[in-house]
Amino acid sequence: MGRRSIKKTIHNLYRVIAILVAFALVAGSVFDSSAASKGKLNQTKLSLHVGSVYSLTLTGATAVSWKSSNKKVAKVSSKGKITAKKKGTVTITCTDKNGKTYKCKVTVKKHTYHAIRKVAPTKNKKGYTVYKCATCGKQYTKKTVYSPKESKVRKDILALKAKYPEGKKWTTANKYTWDSSIYYNDVTCIGGGCVAFAFMASDAAFGKYNKSRKVSGKNWYSKIRAGDIIRLEVEGGEHSVVVLQKKSNSVVVVEGAYNNSVHWGRTISMKSLKKQGKYLITRYPE
């Protein structure tokens, strides 16, 4: 083969290679475009209730990021998990490795709950109400707290009078135990004297489950109700009494360790309360 023929052959070979490379580039571009167009979200429109979750997935492409247009309405994790937070509309955007984006419109609705079952609480029995959403069927249970009228509280405390009549001996030697799950200071304690009688009377009125609250500060005495325990500063120390009735200018109380006995019906003026009172403990729910 002559030199001219060899050059011509090489030239033709270059042309063939160039054509093949160009074809490969075009084919690759078409393939990439085709592959990119196959990406698809499992949902493009969603309706969720507050608190619910849903996982978006991208098929046919590789997701590299997820973004919410309003995180206060619904947030989305790096894996596409949506959490509905409050009523509104939001767009979730997914971006694949080629930069193509996919969108899902999410509408977040409030639950429309209604009570389907109620168990009323009593002094020694927990109560609850079961609620169900009318649209999605979700349920939740809310505990309910015993909330007696003052007349009922007074009646239950006065019932102690049969066992602890006026003048019955009651000194610091008389003890009573209260539970940390009930009383505000979270300490299981055995009290004696006036404290013991006060907490015994409180349990007689409110039972096992009503958590107590300490009320102090300015005008604490304006919130007094039957069954509340008042802590007083007295000569030689402090003293606890239980309210039987609140009047316009005074309260009527029952107490233990008053001259070493049980005493029913003492009246304390509001003027004296403002001067001697430190705080009150109540078992009524807030």
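This report walks through the fold, one sheet, a loop and the salt bridges of a single protein chain.

**Overall picture**

The model is predicted. The protein chain has 286 residues, and 35% of them count as buried. It holds four helices and 20 strands. Many contacts reach far along the sequence. Among contacts with a separation of 6 or more, residues 24 or more positions apart account for 52%. The chain exposes about 17,600 Å², and carbon and sulfur atoms supply 53% of that area.

**A four-stranded sheet**

One open sheet has four strands in the order 2-9-8-5, and its pairing is mixed. Strand 2 (45-49) and strand 5 (63-68) are the edge strands, each pairing on one side only. On average, neighbouring strands of this sheet are turned by 25 degrees against each other, direction ignored. Strands of a sheet pair through backbone hydrogen bonds, either parallel or antiparallel. Strand 5 and strand 8 (residues 88-96) run antiparallel and are joined by five bridges. Take serine 65 as an example: its bridge partner in strand 8 is threonine 95.

**The loop between strands 15 and 16**

Tyrosine 221 lies in the loop between strand 15 (213-215) and strand 16 (229-234). Its relative accessibility is 18%, so it counts as buried. Leaving aside residues up to four places away in sequence, tyrosine 221 touches Lys246, Met270 and Lys274. The C-alpha atoms of tyrosine 221 and glycine 277 are 8.0 Å apart, although 56 residues separate the two along the chain.

Asparagine 219 lies in the loop between strand 15 and strand 16 as well. Its side chain joins that of tyrosine 221 in a polar contact of 3.1 Å. Asparagine 219 counts as partly exposed because its relative accessibility is 36%. The backbone of asparagine 219 has a phi near 60 degrees, a positive value in a residue other than glycine.

Asparagine 260 also has a positive phi, of about 65 degrees, and is not a glycine. This asparagine 260 is found in the loop between strand 18 (250-255) and strand 19 (263-269).

**Salt bridges**

Side chains of opposite charge can pair when their charged atoms come close. The structure holds six salt bridges. The table lists some of them, with the distance between N and O atoms.

| Basic residue | Acidic residue | N to O distance |
|---|---|---|
| lysine 123 | aspartate 156 | 3.5 Å |
| arginine 231 | glutamate 238 | 3.0 Å |
| arginine 266 | glutamate 255 | 2.7 Å |

Start with the salt bridge between aspartate 156 and lysine 123. Aspartate 156 lies in helix 2 (residues 150-158), and lysine 123 in the loop between strand 10 (113-119) and strand 11 (127-133), so the pair ties together parts 33 residues apart in sequence. Aspartate 156 is buried at 12% relative accessibility. Lysine 123 is partly exposed at 24%.

In the next pair, arginine 231 is buried, with a relative accessible area of 16%. Its partner, glutamate 238, is partly exposed at 35% relative accessibility.

The salt bridge of arginine 266 with glutamate 255 has its closest N and O atoms 2.7 Å apart. This pair links distant parts of the chain: arginine 266 sits in strand 19 and glutamate 255 in strand 18, eleven residues apart. Arginine 266 is partly exposed, with a relative accessible area of 22%. Glutamate 255 has a relative accessibility of 1%, so it counts as buried.

Some salt bridges share partners, and these join Lys123, Lys152 and Asp156 into one network.

Methods. Residues numbered from 1 in each chain as written. Predicted model: local features only at pLDDT ≥ 70, side-chain atom pairs only at ≥ 80, totals over all residues. Heavy atoms only, no water. Pairing = 2+ DSSP bridges. Helix = DSSP H or I, 4+ residues; strand = E, 2+ residues; numbered from the N terminus. Axes fitted to C-alpha atoms, helices over the stretch in contact; angles between N-to-C directions. Buried < 20%, exposed > 50% of the residue type's maximum accessible area, 1.4 Å probe, protein only. Contact = heavy atoms within 4.5 Å. Polar contact = N/O pair within 3.5 Å; in protein donor to acceptor, adjacent residues only side chain to side chain. Areas by Shrake-Rupley, 256 points an atom, 1.4 Å probe, with all protein chains shown as cover. Salt bridge = Lys/Arg side-chain N within 4 Å of Asp/Glu carboxyl O.
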